[in-house]
Amino acid sequence: IIRAGFFNFKIIFFTFCILSSFETHAQLYEPIIVNDLKLKKTGYYFLTLYKINFIEKEKNSLNQQCILNTSGEVVFFRKTLFGSDFKIQPNGLISYWHGNGFYLLNKELKIIDSVSCVNGISTDSHDLKILPNGRYLLCGKEREIKDLSNLHLYAEKHLLGSKRSIVEYDVIQELDKNKNLVFEWRTKPHFDIANINTVYLTDTAKIDLTHFNSIDADSKGNILVSFRRFDELMKIDRKTGNIIWRMGGKYNQIKILNDSIPFLGHHEAHFPGEPTISLFDNGYS
């Protein structure tokens, strides 16, 4: 149980393994319908199976989307060059990231629309939420060139940063049904690069600094965000853009009772049912 000021809630921790991919295209291959696909009942499992291919991009290394029924039988299978974040949205549409944005599909898995960030913000692959009011909640990125040559961020590797490092900051955008921007929140003012978990600093020329890996909204529209590289969760007031609280990492404001081990390198923070928060704890040390 976590108590902070005037509110109490429960948080559940899970551990899981993330597979990643470096493919970025959106080409689709002929789907294979293994069983009758109606998607009229709940309980389907949506999966994207990734293959990491460092050396060469061969056709047999394509990513794969599939849907399982409650018995674990494959009812749909398709190869894609990417196709991540493959899931069904609360309004019944199916979505997945295709490299530059998200495709929206009907229950027959036919593409009927797409959505992506606007105003020069690139669309991040990690999450899309279609809200109850029909609006779209998206993750995005903005970039700047910074001189990091005087920061000892890479001390363990005895390296200095580049004088022209690419630093990426995440952005939240909410779009209305017509894809117009109605809300935007930027991470840049709220994080100090010196507080990043240095285990993620592997490239002196580029830092994906704040690195969203999930977003969600509660019944009031307030936004829950997961910042993997700062080992932090944050809740943001949708009306004002102010931070309600920060949990984990060096900015922590919440005391976790009866648990001295922090969550690290986490993924997928969501509201499975308020006031509960679920979180995959990768447990990096």
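Q: What makes arginine 246 count as lying over the face of phenylalanine 191?
A: The distance from the ring centre is 4.8 Å, and a charge sits over a ring if NZ of Lys or CZ of Arg is within 6 Å of the ring centre and within 35 degrees of the ring normal. The charged end of arginine 246 also sits over tyrosine 251, 4.0 Å from that ring's centre. This is a predicted model, where local features need pLDDT of at least 70, side-chain atom pairs count only at pLDDT 80 or more, and totals for chains, interfaces and linings use all residues. Residues are numbered from 1 along each chain as its sequence is written, and side-chain values use heavy atoms, with hydrogens and water left out.

Q: Why are phenylalanine 191 and tyrosine 251 called an edge-to-face aromatic pair?
A: Rings of Phe, Tyr and Trp (its six-membered ring) pair if their centres lie within 6.5 Å; planes under 30 degrees apart are stacked, over 60 edge-to-face, the rest tilted. Here it's 5.7 Å centre to centre with 85 degrees between the planes, so the name fits.

Q: Why is cysteine 139 called buried?
A: Buried means under 20% relative accessible area, exposed over 50%, partly exposed in between (1.4 Å probe, protein chains only). Cysteine 139 comes in at 0%, so buried it is.

Q: How do you know that cysteine 117 and cysteine 139 are too far apart for a bond?
A: A disulfide needs two cysteine sulfur atoms within 2.5 Å. These sulfurs are 7.6 Å apart, so there's no bond here. A search of the whole structure finds zero disulfides.
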